[in-house]
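Student: I'd like a close look at one part of this one: the nonpolar core and the strands packed around it. Could you walk me through that in one go?

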Amino acid sequence: MKKKKKKNILSFLFKTDKMTLINRIRIAKNLIKKTPNEVFIYAGTILNLHKTSKIICDGGNLQFAIGKKALVENKSFLTMQENSKIIVSGEDQFSFVCGADITVFKDAELILGDSWVNRYCQISCTKKIEIGNNTAIGRNVKIMDSDFHIIKDENDKTINPSKPIHIGNNVWIGDSSIILKGVTINDGAIVAAGSIVTRDVPSNTIVAGNPAKVIKKIKSWNYKSTPLIEE
């Protein structure tokens, strides 16, 4: 029984490594490099990339699905539709921990600085979402720039169009928060765990609640003191 179990594990690891290699080859077809940096797609990632979609390395590296548990527990998904773009604009790297579910819809842009996103994050970009530098995004966070259902008034006019999201530098978004369309989270802000953000967040403030409101002004928080990758 032990030998059979060991064989199954080795077989699984071999298949995973093979899929990782295939993913890296597929990414290469969609990659535009303006710097020597790279896109690293780790094990457990499922890719769905339209042939006209582009990942543009205009700065640092992009790491997708990092983490020790990726092999056995967490699938990660990266979907890019027709003419969509991911632009890596930072100087160092942007990292998604395993379990991410990222969709960039037709003609949309996802712009990424030097930041990191923890496990099970969901980003749905239909227009434009931008994340700055030194920003930490916790587990289970959802970022959506659309309602994904069109609402029309009595004159047949759409009253809930998609609106871009801008997340600034040195922002901390807590566990299980939801960031909705049209929101700007300014530099140095903290979004408390479980918040639903429906309006702009001022710089150097803490917001909390549903809908999120300012509860305190702060001078700063220390990005370097937080663990960058959860083991």
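**The core and its strands**

Tutor: Sure. The chain has 1 helix and 23 strands, and keep in mind that this is a predicted model. Of its 231 residues, 44% are buried. The accessible surface comes to about 12,500 Å², with 54% of that belonging to carbon and sulfur atoms.

Now for the core you asked about. The largest nonpolar core has 46 residues, and the members touching the most others are Leu62, Ile86, Phe96, Ile123, Ile143, Ile173 and Ile185. Strand β5 (residues 61–66) supplies the largest share of this core, 4 residues. Apart from this core lies another one, of 7 residues, including Trp116, Ile206, Trp221 and Tyr223.

Let's zoom in on Ile86. Once you set aside neighbours within four places in sequence, Ile86 is in contact with Lys54, Ile55, Ile56, Leu62, Leu78, Met80, Val104, Leu110 and Leu112. Leu62 turns up here as a contact of Ile86, and both are on the list of members that touch the most others. For the chain as a whole, take the contacts between residues at least 6 apart in sequence: 41% of them join residues at least 24 apart.

Next, the strands. β5 belongs to an open sheet of 9 strands with mixed pairing, running β2-β5-β8-β11-β14-β17-β20-β22-β23. The edges are β2 (39–41) and β23 (213–217); each has a single partner strand, so one side of each is left without a neighbour in the sheet. Further in, β14 (residues 136–137) and β17 (residues 172–173) run parallel and are joined by 2 bridges. One of the core residues shows up in this pairing: Ile173 in β17 is the bridge partner of Ile137. As background, strands of a sheet pair through backbone hydrogen bonds, either parallel or antiparallel.

There's also a run of parallel pairing through β12. Strand β9 is joined to β12 (residues 122–125) by 4 bridges, and the two run parallel. Within that pairing, Thr103 has Ser124 of β12 as its bridge partner. β12 also pairs with β15 in the parallel sense, this time over 3 bridges, and there Gln122 stands opposite Lys142 in β15.

What about the aromatic rings? The structure holds 4 aromatic pairs. Phe105 and Phe148 make a tilted one, at 5.7 Å centre to centre with 50° between the planes. That pair links distant parts of the chain: Phe105 is in the loop between β9 (101–104) and β10 (109–112), while Phe148 is in the loop between β15 (142–144) and β16 (165–167), 43 residues apart. Neither ring residue counts as buried: Phe105 is partly exposed, because its relative accessibility is 24%, and Phe148 is partly exposed too, at 35%. Elsewhere, ring pairs link Phe64, Phe94 and Phe96 into a cluster, and Phe96 brings us back to the largest core, where it is listed among the members touching the most others.

Last stop, the cysteines. Cys57 is buried, with a relative accessible area of 0%, and Cys98 is buried as well, at 0% relative accessibility. As for disulfides, the structure holds 0.

Terms used: Residues are numbered from 1 along each chain as its sequence is written. This is a predicted model: local features need pLDDT of at least 70, side-chain atom pairs count only at pLDDT 80 or more; totals for chains, interfaces and linings use all residues. Side-chain values use heavy atoms; hydrogens and water are left out. Two strands pair if DSSP finds at least two bridges between them. Rings of Phe, Tyr and Trp (its six-membered ring) pair if their centres lie within 6.5 Å; planes under 30 degrees apart count as stacked, over 60 as edge-to-face and the rest as tilted. Buried means under 20% relative accessible area, exposed over 50%, partly exposed in between (1.4 Å probe, protein chains only). Contact means heavy atoms within 4.5 Å. Accessible areas come from the Shrake-Rupley method with a 1.4 Å probe; for residues, only the protein chains shown count as cover. A nonpolar core is a set of buried Ala, Val, Leu, Ile, Met, Phe, Trp, Tyr and Cys residues joined through side-chain atoms within 4.5 Å. A disulfide is a pair of cysteine sulfur atoms within 2.5 Å.
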